[in-house]
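Me: I have a structure to go through before I plan my reading. Can we take it in short questions and answers?

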Amino acid sequence: MAGGIFSPLGSCSELEKANCHPLVCLLCHEPYQHPCLLDCYHNFCASCLRGRASDGRLRCPLCGHPSVVRGGTGLPPVDRLLQFLVDSSADSEEDVQCANCDRCCTKAELDTMYFCNTCGQPLCAPCREETHRARMFTRHEIVSLSKRTKDIHKKCPLHEEPYIMFSTEKKSMLCINCFRDMQGESRAHCIDIETAYMQGCQRLDQAVMAVKELQTSTREAIVLLKAMIEEVRNSASEEEAAINSLFSRMQEQLSERKKTLLKAVQSQHEEKEKAFKEQLAHLASLLPTLQVHLVTCSAFLSSANKAEFLDLGYQLMERLQRIVKLPHRLRPAQTSKINSEYRAEFARCLEPLLMLSPRRSVVGSAGGIGPGITGTNMLPGGQCSKTLMVPSCPSTSDKMSTGPMVKKPTMHRYISTKVLLAEGHETPFAEHCRNYENTYRMLQMEIQGLKDQVQELHRDLTKHHSLIKSEIMSEILQKSLQMDVQIAAHYSAVEMMRSVFEEVWEETYQRVANEQEIYEAQLHDLLQLRQENSCLSTITKQIAPYVRSIAKVKERLEPRLQEPQEPKEEQAQMLLKICDDNE
């Protein structure tokens, strides 16, 4: 039915089975009625396309290519070529009767019929030979019936004169009057109808040959794509089978390694628990002894006189010194953390299956492909880079943003750094920590000074309603921008040390966990400083309008306080704009 919803052809087999008659619409499956040509060179009936346009665009029902439609009809232009073929096909289906002998010809005899363009009458083959061979008909133009000239193509619609010339410039036929009205340069592009017809046939043959070559290439491409589709299907099946097989073997290997690791964890748990209990029993027995001697000392001091103290005091002091000098295990001999290196063990058991190069992994990364392996450190060929994975470590651009982050207290980082430096190990990371603490302490002091100034200004403005000069606000904003540059530079310097520390961490992976935690806390502290600086800038910008407003009111009330402050206000506005751009 006309205008029905057309479903695009889904496969090549459906395309081959589809009705591809050149004069039948693919939507209504009927001969074309006023065929319209889309930009993708697909044709449809005007009634089938009516109402489908939206916002001046019409999407092809066959391929989906959008076409621009102009005018109020919402339809593409009519295909005159296809309309001519449709009309010619309709004319060929009509009954043809010879104008001389009145003999009706069947459809099988239409190829033997002729047409006299001069008389405008059809002729059968016998009548052409008998009647139109006379001398009086020598000037008549007799052609086959299929190539008859219609009235619309005989004469110029403007001058009612027959066509005699063809303009290769305008691609149109001309009568004698059209030829006379043309300019001299345009007449040079005019040729007679017969010559134009011969040249047009030659150019059409060339275009047909190009289309035939494209048709051959298209068929070869279709055959190739069908073969590729079959290869893709077979490859997908093989890949699925390989994935299932590898996954089964990985499950088996991981299950066996899991049992081994659980046994190792249980063994470490029992050993550490036993050692801690023994040390706890020793300390529990030591505590009453110390309590008794402390009570003894207190009682002795309160009851003994000078002679008794000098007689027994030194003996008591020697006993206390010997008790203190006894080897007491006050600190744990080992850590409480149970480390089975399960990530490295799991990766090691999967190396033969995945053909991975051996590597050590201290900590895993959330969202990774495997233990210590993520999509960012996978190299072509299935090999992994030697980069040590750091948990919850975003990119450089994301780190300096003010979004949500994992907070690690500054005090915890400070204590961990002190413990690390107290161990006395001269390592690159220890030297970095010393330099970092000095720089961070300086930045922190400067930020604290800015915080105090902003708090004082805010207090003066809200509680005391005192006048605040714009120069102070400009200085604070200028210092805040300088601090932001210094913090960013220090952050970049710390970030550049990552590659150096990763090599050190790869070699000394037993201490990596603590150092990485301190390192991430340092970055967090810098981000926290920057957030505080951003809050200072925001508060300063919020206070600035009130300061300017109060200053203007003050200047109006007391004219003698007026000062040329326009350049300073412009400078403050410029600093505010720079601060906004920086954020």
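Reply: Buried means under 20% relative accessible area, exposed means over 50%, and partly exposed is in between. Keep in mind that this is a predicted model.

Me: Is Glu161 buried, exposed or partly exposed?

Reply: Glu161 sits in the loop between β9 (142-144) and β10. Its relative accessible area is 30%. The class in between runs from the 20% limit to the 50% limit, so Glu161 is partly exposed.

Me: How many Å separate Glu161 and Ile176 in space, C-alpha to C-alpha?

Reply: In sequence, Glu161 and Ile176 are 15 residues apart. Glu161 belongs to the loop between β9 and β10. In space, the C-alpha to C-alpha distance from Glu161 to Ile176 is 7.2 Å.

Me: What is the strand order in the open sheet that contains β10?

Reply: The sheet has 3 strands, and the pairing is antiparallel. β11 (172-174) and β12 (190-192) are the edge strands, each pairing on one side only. Neighbouring strands are turned by 35° against each other on average, direction ignored. The order is β11-β10-β12.

Me: Which residue of β12 is the bridge partner of Phe166?

Reply: β10 covers residues 165-167. β10 and β12 pair in the antiparallel sense over 3 bridges. The partner of Phe166 in β12 is Ile191.

Me: Which helix lies across β10, β11 and β12?

Reply: The helix spans residues 193-303. It runs at about 95° to β12. This helix is α7.

Me: Is the crossing of α7 and α9 left-handed or right-handed?

Reply: α7 and α9 (residues 342-354) pack at about 145°, with axes 10 Å apart. On the α7 side, the contact residues include Leu246, Met250, Leu254 and Leu261. On the α9 side, they include Tyr342, Phe346, Leu350 and Leu354. The crossing is right-handed.

Me: Is Gln279 buried or exposed?

Reply: Gln279 is found in helix α7. Leaving aside neighbours within four places in sequence, it contacts Arg329, Leu330, Arg331, Pro332 and Ala333. Its relative accessible area is 8%. That is under the 20% cut-off, so Gln279 is buried.

Me: Which strands stand at the edges of the open sheet with the order β8-β7-β9?

Reply: This sheet has 3 strands with antiparallel pairing. The twist averages 35° from one strand to the next. Each edge strand has a single partner, so one side of each is left without a neighbour in the sheet. The edge strands are β8 (121-123) and β9.

Me: Which residue of β8 is the bridge partner of Tyr114?

Reply: β7 covers residues 114-116. β7 and β8 pair in the antiparallel sense over 3 bridges. The partner of Tyr114 in β8 is Leu123.

Me: What is the phi of His34?

Reply: His34 is found in the loop between α1 (12-17) and β1 (35-37). At 54% relative accessibility, His34 counts as exposed. Its phi is positive, in a residue other than glycine. The value is near 55°.

Me: Is Tyr41 buried or exposed?

Reply: Tyr41 has its place in the loop between β1 and β2 (43-45). Its phi is positive, about 65°, although Tyr41 is not a glycine. The relative accessibility is 67%. The cut-off is over 50%, so Tyr41 counts as exposed.

Me: Which helix gives the most residues to the largest nonpolar core?

Reply: The largest nonpolar core has 28 residues, and those with the most contacts inside it include Phe429, Leu443 and Leu529. α12 (428-464), α13 (470-496), α14 (498-507) and α15 (512-557) each supply at least two residues. With 10 residues, the top contributor is α12.

Me: Which residues does Leu529 touch, not counting residues up to four places away in sequence?

Reply: Leu529 is among the residues with the most contacts inside the largest core. Two others in that group are Leu443 and Ile487. Leu529 touches Tyr440, Leu443, Gln444, Ile447 and Ile487.

Me: How far apart are the end C-alpha atoms of residues 433-460?

Reply: The unreviewed UniProt entry annotates residues 433-460 as "coiled-coil region". In the model, the span is 100% helix and 0% strand. The end C-alpha atoms lie apart by 40 Å.

Notes. Residues numbered from 1 in each chain as written. Predicted model: local features only at pLDDT ≥ 70, side-chain atom pairs only at ≥ 80, totals over all residues. Heavy atoms only, no water. UniProt positions renumbered as here; feature names shortened; annotations may be inferred. Helix = DSSP H or I, 4+ residues; strand = E, 2+ residues; numbered from the N terminus. Core = buried A, V, L, I, M, F, W, Y, C linked by side-chain atoms within 4.5 Å. Buried < 20%, exposed > 50% of the residue type's maximum accessible area, 1.4 Å probe, protein only. Contact = heavy atoms within 4.5 Å. Pairing = 2+ DSSP bridges. Axes fitted to C-alpha atoms, helices over the stretch in contact; angles between N-to-C directions. Left-handed = near helix turned anticlockwise from the far one by under 90°.
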